[in-house]
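I am opening a notebook on this structure and will write down what I looked up, one entry at a time.

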Amino acid sequence: MAPPNSGVHHISNPCIYERKSRFMKWLGKLFKSGSNRGGARGGVVGRAHPQLLGEENVVWSAPARSVDDRSRTGKERGDAIALTMAEDWKQPSGCSRETNDQDLARSLQDTPNSPSFPSYGTTQYCPRNLSLCSGCQRDIGNGNYLGCMGKYFHPECFCCRSCRYPITETEFSLSGKDPYHKSCFKELTHPKCEVCHQFIPTNAAGLIEYRCHPFWSQKYCPSHEHDNTARCCSCERLESRDVRYYSLEDGRSLCLECMESAIMDTGDCQPLYHDIRDYYEGMHMKLDQQIPMLLVQRQALNEAIFGEKNGYHHMPETRGLCLSEEQTVTSIQKRPRIGGHRLVGMRTEPQKLTRKCEVTAILVLYGLPRLLTGAILAHELMHGWLRLKGYRNLDPEVEEGICQALSYMWLESELPGSKGMPSTSTSTSAASSSSSSSSSKKGGKSQVEKRLGEFFMYQIAHDATPAYGEGFRSANAAVSKYGLRSTLSHISLTGNFPL
């Protein structure tokens, strides 16, 4: 079913009409001689004023009622209707109710001392299609009927477009020409939080306010940003109330999709590290030195950053580091095991890193999906390549920008044909073929992993920080226009990107 359109109206009290025999009308006059009732073919129960809905719905005004009539409850009116129909059913078959009513009327008018009845007002003639229900297309007959939107229905035929049950409440919602229960319409149109699965509340101004992730389109209440709801450290999605994330030992959380391809220890990461070194070699950027690579916890990475004298770090969460100082770093030697929704039993080991060249080691945060781990490695290896090749004292926008460009290019080679992303493919055809051949040996990627890779590319392309975001966009523009080698030569000579 197509969602309702935006032209929504909320209607109160759909008008229910009662059809009564002429006999009952005259009988009513006899017992309510002092009342002043308007004459119409059908009496309107509900509001005393017409209801208007744009230009397509006009409901006739209800006849004026006496105080006695106005004070009757809905139940009493229902009893009166039931009595009318019961009297009609008691008539012998084949008798003409209209003829009998006319005879009784004449006899009542001829009776002496009969009360004087007020004259009827102008008769309101019903439309020709009044006898047919717009819901079931059957004759309405002498029972109750409901008029709304210029149409007429049996009360049980005036149904909600969503749940198909009759609308019996005093208010309902209208979208286009389709009526809805207010609760059904809210269910269809009011946004629900994808974390707590409740309707997103309105703010102090009465407006619906929510947060929405720009890539995943996950909608959630603003309060979940401050109520300790777990957020995946990889894809940034919040934990839903019906799905449990995995808790890593360093305090981070990991969603189930990112967990599928997560790399947990240094040994698991070695094949990926060698693939990325081959990627660099395919672009004629071979690293002559064997640079150690370690997977570490968050605390160990932060301690290494604190001990590093040089470098610009992406805050608030740094996930990789190209180390140039001698340090002792605790690395992960054995992957943790799953215990409930926690990863436990990790084995770590301190390792002394000695400086043999300009680069001591590359450190990467453990527990991230393969594509994100690879993107971090490609970024940090570019730092190492620049230092080994003598690129000194570059501005953060230039150094981080070109490192982000290499990270993006590697992701692009792993995800050929990614849609909606800026491309650097003009300078990486050889590297792409090299990477795709190595990827084909390991088998294709799942749709989940491809989607994650597209998100990591999106993160790089839409980073708002000056060094990583603006730097990448400048580097990407230069590489796309001049090629990678010419761009690197220009940086070596001038310290800036070519214009």
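**Entry 1: a pair in helix H12.** I began with glutamate 454 and arginine 451, whose side chains meet in a salt bridge with an N to O distance of 3.0 Å; I keep in mind throughout that this is a predicted model. Both residues belong to helix H12, and because they are 3 residues apart there, about one helical turn separates them. I then looked up how open each partner is: glutamate 454 counts as partly exposed at 21% relative accessibility, and arginine 451 is likewise partly exposed, with a relative accessible area of 37%. Elsewhere, I noted that Glu209, Arg211 and Glu225 are joined into one network by salt bridges that share partners.

**Entry 2: glutamate 414.** I next asked myself which residues form a salt bridge with glutamate 414. One is arginine 370, where the closest N and O atoms are 3.2 Å apart. Glutamate 414 lies in helix H10 and arginine 370 in helix H9, so this pair ties together parts that are 44 residues apart in sequence. I also found a salt bridge from glutamate 414 to lysine 445, with the closest N and O atoms 3.0 Å apart. This second pair links distant parts of the chain as well, since lysine 445 sits in the loop between helix H11 (429–442) and helix H12 (447–461), 31 residues from glutamate 414 in helix H10.

Are these three residues buried or exposed? Glutamate 414 is buried, with a relative accessible area of 6%; arginine 370 counts as buried at 16%; and lysine 445 is buried too, at 17%. For the whole model, I recorded a count of 14 salt bridges.

**Entry 3: helix H9 against helix H10.** Having met both helices through the salt bridge between glutamate 414 and arginine 370, I looked up how they are arranged. The axes of H9 (residues 370–388) and H10 (residues 396–414) come within 8 Å and cross at roughly 140 degrees, which makes H9 oblique to H10. Their crossing is right-handed. On the H9 side, the residues in contact include Arg370, Gly374, Ala378, Met382 and Leu386, and on the H10 side they include Glu399, Ile402, Leu406, Trp410 and Glu414. Sorted by class, the residues of this contact are 10 nonpolar, 5 polar and 5 charged.

**Entry 4: helix H10 against helix H14.** I then turned to another neighbour of H10, and asked at what angle the axes of H10 and H14 cross. The answer is roughly 165 degrees, with the axes of H10 and helix H14 (residues 484–494) coming within 12 Å. H10 and H14 are therefore roughly antiparallel to each other, the cut-off for that word being an angle over 145 degrees. H10 passes H14 in a left-handed crossing. In this contact, Val398, Ile402, Leu406 and Met409 of H10 meet Leu484, Thr487, Leu488 and Ile491 of H14. By class I wrote down 7 nonpolar residues, 1 polar residue and no charged ones.

**Entry 5: looking back at H10.** Reading my entries together, I see that Ile402 and Leu406 of H10 are listed in the contact with H9 and also in the contact with H14. The contact of H10 with H9 has 5 charged residues, whereas the contact of H10 with H14 has none.

How values were computed: Residues are numbered from 1 along each chain as its sequence is written. This is a predicted model: local features need pLDDT of at least 70, side-chain atom pairs count only at pLDDT 80 or more; totals for chains, interfaces and linings use all residues. Side-chain values use heavy atoms; hydrogens and water are left out. Axes are lines fitted to C-alpha atoms, for helices over the stretch in contact, and angles run from 0 to 180 degrees between N-to-C directions. Helices (H or I, at least four residues) and strands (E, at least two) are DSSP runs, numbered from the N terminus. Angles under 35 degrees count as roughly parallel, over 145 as roughly antiparallel, 65 to 115 as roughly perpendicular and the rest as oblique. A crossing is left-handed if the near helix is turned anticlockwise from the far one by less than a right angle, and right-handed if clockwise. Contact means heavy atoms within 4.5 Å. Ala, Val, Leu, Ile, Met, Phe, Trp, Tyr, Cys and Pro count as nonpolar, Asp, Glu, Lys and Arg as charged, and the others, Gly among them, as polar. A salt bridge is a side-chain nitrogen of Lys or Arg within 4 Å of a carboxyl oxygen of Asp or Glu. Buried means under 20% relative accessible area, exposed over 50%, partly exposed in between (1.4 Å probe, protein chains only).
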